[in-house]
Amino acid sequence: MSDRREVWITGIGLVSSLGEGLEAHWSALNDGSRPVIDETRFAPYVVHPLASVNFDQQIPKKGDQRQMEPWQRIGTYAAGLALDSAGLKGNKEILGATDMVVAAGGGERDQAVDGAILTEIENQAAPDVFLNEQLQSNLRPTLFLAQLSNLLAGNISIVHGVTGSSRTFMGEESSGTDAVRIGFSRIAAGTSEIALVGGAYNAERRDMLLLYALKRLAMHAPWAPVLTEPKGVPTGSAGAFLVLESPEHATARGARPIVKLSGVWSDRAKRGEPGAVEKVLGMLVDAARAAGDTGEDAQTAILSAASGAPDPTRAEVAVLEKSGLPVRSVTDRVGHGLEAQMPVALALAALSVSEGRLFAPLAGEPMEKPFDGPLSRAIVTAVGHWRGEGVALVERAD
Amino acid sequence: MASYTDKAGRPIVVVTGMGMVTSLGQGKEDNWAKLTSGQSGIHRITRFPIDAMRTTIAGTVDFLPDSGRTAPDLSEELAALSAEEAVAQSGIGSKGDFPGPLFCAVPPIELEWPQRRILAQESVANGPITYDDLLRAAETHGHDAWHERFLYGSIADHLADRFGTRGQPISLSTACASGNTSIQLGVEAIRRGDCDAALSIATDGSVTAEALIRFSLLSALSTNNERPEAASRPFSKNRDGFIIAEGAGALVLESLEHAMARGAKILGVLEGCGEMADSFHRTRSSPDAKPVIGCMRSALADAGVGPDDIDYINAHGTSTPENDRMEFTGMSAVFGERLPDIPLSSNKSMIGHTLTAAGAIEAVFSLLTIQNGRIPPTINYEVPDPAIPLDVVPNVARDAQVKRVMSNSFGFGGQNVALVLTGEPA
């Protein structure tokens with residue numbers, strides 16, 4: 001690894017139920033208030049709704065906004081915040097050479113059209129023909145584009161002009177980890193200078209809750225902290241993008257690092273085997289602890305992106321306890337944003353390390369112990385609700 | 001003794017196994033024979049009723065016993081068949097133990113109408129059905145298996161189990177450029193030294209009634225329904241849209257050093273990958289073709305060769321009025337006056353547009369073109385378009401020595417990826 005370059009995070013864009021931008025998040029994380037939870041609009045489910053956002057700020061053309069479903073708007077907005085934060089907005093030359101890796105799901109449907117079809121279809125002599133006719137006449141032509149996974153990246157290209165390259169990863173939580181990992185690896189290996197990586201999720205939709213409901217994995221009210229009482233996934237609307245950059249490239253344009261991204265690891269435990277998640281995640285956490293500035297283990301914390309799905313979350317908790325490190329649950333603050341969860345957690349980890357301290361424990365989450373010492377490193381753990389284990393390490397940049 | 005590194009000092013990445021399934025058939029041999037004899041795999045749709053459809057033809061894969069299940073089921077089966085062929089040919093690893101990561105391009109996945117209808121019926125709703133009714137039924141009727149089946153990551157996950165690839169597989173989409181991206185990610189991982197081998201698969205078995213309607217609503221599909229086999233007309237004046245199709249392609253990528261050390265037969269070299277995104281429009285390309293030009297040039301630069309070194313182009317050639325014109329404009333800028341003399345063809349004239357899978361299938365066809373010294377034709381080229389004069393190898397295959405191919409893929413969302421492939425390490 002000696003020939004690998006450092007990778008800096010030089011821009012962060014974050015929007016969630018706690019607000020937008022790093023300042024809003026830092027104050028919300030520290031003022032001891034309860035997370036923002038909606039237990040009625042999607043009853044019986046718990047969701048963390050997106051804070052009020054003026055999309056015009058980052059997506060000035062209404063025409064562009066109309067072409068997107070909410071998850072794309074959230075992501076395009078967060079990407080704009082990240083580019084602002086990195087001082088890159090409008091810099092055509094750099095944006096034209098910026099590599100992009102986006103973690104995305106997609107598939108937001110027209111629920112009214114679906115409902116109307118389902119209401120009538122079983123009364124039809126030829127249900128499949130009826131379905132064709134209804135879809136043909138009622139689907140909005142551009143809805144398809146608002147559903148396609150890679151069109152979040154496409155919209156970021158259109159709205160912000162990021163065109164160096166564009167790749168979209170799918171595959172739930174692990175796509176978020178791998179989007180960051182590939183962006184990181186290319187810069188570390190010297191084949192990319194600057195990358196925009198991240199993802200977005202809109203929790204305020206019944207069609208997405210449906211996927212979790214099929215396996216009774218969506219959290220029912222009342223809300224509970226996920227590490228102590230993993231009884232389901234409390235989904236949360238959020239978008240997070242990070243600008244990753246080589247020190248050479250950043251320095252040449254006068255940019256300073258917020259933190260160093262010192263490693264990203266992903267693996268896939270065989271979930272059917274007892275103890276597999278503990279073993280794999282334990283190894284990844286050990287790898288992160290051994291990487292970077294190991295002299296500062298006493299200034300290290302873990303930020304967990306645990307989903308709240310019972311089995312994998314219990315396995316993660318076992319690893320967190322064994323680590324002996326101070327722990328904070330990202331999901332208890334902003335909910336769980338599936339593909340976006342690793343980028344969201346990484347944004348909060350970077351924020352904490354850049355502030356040099358850990359935010360306060362959450363009342364009612366005994367896994368979180370007070371930690372007042374200086375913080376120079378943060379490890380993010382991201383265990384998929386169904387598959388995939390990921391870990392990332394950020395360190396103070398100085 | 002040849003060097004294991006390329007001009008840029010990076011590990012040379014070679015192909016040691018290839019597999020494919022298309023509407024023409026299963027396996028390279030069958031596909032190649034039919035492709036070079038100008039056969040079309042496009043046919044009338046029988047999978048679902050075509051009443052009320054503006055387009056009634058497709059290149060669906062209907063010859064497998066289980067064709068017609070859910071899109072992820074079929075996509076997974078197509079991927080598995082093509083990867084089995086590729087892994088067997090390469091002789092790499094051992095059964096169920098592939099020594100490298102998996103990069104898998106997959107189509108959009110979501111719960112489908114049969115499942116929605118079952119949930120709606122189970123909900124026994126008293127009035128208009130809403131998603132709240134579906135949610136209630138989902139919680140109580142034991143459809144656990146649907147959760148996994150309709151996750152984006154499930155196809156690659158199952159393939160990772162089956163082939164024993166290492167680590168967390170990456171599922172990806174760059175729309176119709178996905179196949180090329182799956183290869184590009186493998187090439188990059190080997191060049192970085194992350195691994196000695198990678199399995200790149202791109203698959204698409206997602207032709208459902210709703211998918212057809214969605215593309216139809218975007219006016220992207222051909223409505224030349226009368227003679228299905230004559231509908232896909234890349235670069236012809238009377239082209240009117242693409243033909244939606246299914247298939248899968250798989251490639252075993254290895255560092256040259258790794259392949260030589262185990263005495264593997266080298267089928268080709270992945271010399272270069274290039275990409276550039278387009279910020280012009282969600283479905284249309286920049287009229288100046290700048291991103292496409294940049295993409296092709298960056299593939300050449302990555303390969304360390306110039307435009308004069310390309311002697312065949314496996315075109316994206318979708319048969320839409322816009323793509324073929326834009327691709328011509330882009331190629332004109334890159335290849336200049338030499339363009340009319342470079343043979344190029346569109347496999348899509350015969351297999352249709354296999355969407356997510358197209359890049360990988362066409363990469364396999366590109367290497368078969370080099371291997372066999374025979375260029376597959378562009379069929380249905382009866383009315384040349386004078387605005388885009390090209391040697392499309394019209395209608396009949398041509399014997400020719402081909403040393404180096406460029407293979408283009410472009411997609412919705414401004415995705416452009418080009419590959420440069422050769423037969424043997426330099």
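Q: A residue is buried if 20 or more other C-beta atoms lie within 10 Å of its own, exposed if 12 or fewer, and partly exposed in between, with C-beta atoms placed from the backbone. By that rule, how many residues of strand β1 of chain B are buried?

A: Ten of the ten residues of β1(B), residues 13-22, are buried, so the strand is described as mostly covered. This is a predicted model, in which local features need pLDDT of at least 70 and side-chain atom pairs count only at pLDDT 80 or more, whereas totals for chains, interfaces and linings use all residues. Residues are numbered from 1 along each chain as its sequence is written, and chains are lettered from A and ligands numbered from 1 in the order in which they are written.

Q: Why is β1 called a strand?

A: Strands (E, at least two residues) and helices (H or I, at least four) are DSSP runs, numbered from the N terminus. β1(B) covers residues 13-22, so the run satisfies the minimum for a strand.

Q: How do you know that β1(B) pairs with strand β8 of chain B?

A: Two strands pair if DSSP finds at least two bridges between them. Nine bridges join β1(B) to β8(B), residues 247-255, so the condition is met, and the two strands run antiparallel. One position to inspect is B:Met20, which stands opposite B:Gly249 in β8(B).

Q: Which strand of chain B pairs with β1(B) over two bridges and has residues 268-275?

A: That strand is β9(B), which pairs with β1(B) in the antiparallel sense. Two bridges satisfy the requirement of at least two, and therefore this counts as a pairing. In β9(B), B:Gly268 is the bridge partner of B:Val15.

Q: What do β1(B) and β2(B) form, and how many residues lie between them?

A: They form a hairpin with two residues between them. β2(B), residues 25-26, pairs with β1(B) in the antiparallel sense over two bridges. Within that pairing, B:Thr22 has B:Gly25 as its bridge partner.

Q: What makes helix α10 of chain A mostly covered?

A: Six of the eight residues of α10(A), residues 206-213, are buried. They are A:Met208, A:Leu209, A:Leu210, A:Leu211, A:Tyr212 and A:Ala213. The cover over these buried residues includes β7 (235-236) of chain A, together with α4 and α5 of chain B.

Q: How many residues does each chain bring to the contact between chain A and chain B?

A: Two residues are in contact if their C-beta atoms, placed from the backbone, lie within 7 Å. The contact takes 65 residues from chain B and 62 residues from chain A. On the side of chain B, α4(B) gives the most, with six residues. By class, this side has 32 nonpolar, 16 polar and 17 charged residues. Here Ala, Val, Leu, Ile, Met, Phe, Trp, Tyr, Cys and Pro count as nonpolar, Asp, Glu, Lys and Arg as charged, and the others, Gly among them, as polar.

Q: How do you know that strand β5 of chain A pairs with β6(B)?

A: β5(A), residues 165-170, and β6(B) share three bridges in the antiparallel sense; the rule asks for at least two, so they pair. A:Phe169 stands opposite B:Leu172 in β6(B).

Q: Why does the radius of gyration of chain A agree with that of a compact globule?

A: The radius is taken over C-alpha atoms, and the globule rule is 2.2 Å times the number of residues to the power 0.38. For 398 residues the rule gives a value near 21 Å, and chain A has 21 Å, so the two agree. The C-alpha trace of chain A spans about 75 × 50 × 40 Å along its principal axes. Of the 398 residues, 63% count as buried.

Q: What does the globule rule give for chain B, with 426 residues?

A: The rule gives a radius near 22 Å; chain B has 21 Å, which agrees. Of its 426 residues, 64% count as buried. Chain B comes to 13 helices and 15 strands, and chain A comes to 15 helices and 13 strands.

Q: Into which domains is chain B divided?

A: Domain bounds come from an automatic or database domain assignment. That assignment gives domain 1 (13-110 + 150-422) and domain 2 (113-149) of chain B. Their C-alpha centres lie 37 Å apart. The contact between them takes six residues from domain 1 and five residues from domain 2.

Q: Into which domains is chain A divided?

A: Chain A has domain 1 (7-107 + 148-395) and domain 2 (111-144), and their C-alpha centres lie 36 Å apart.
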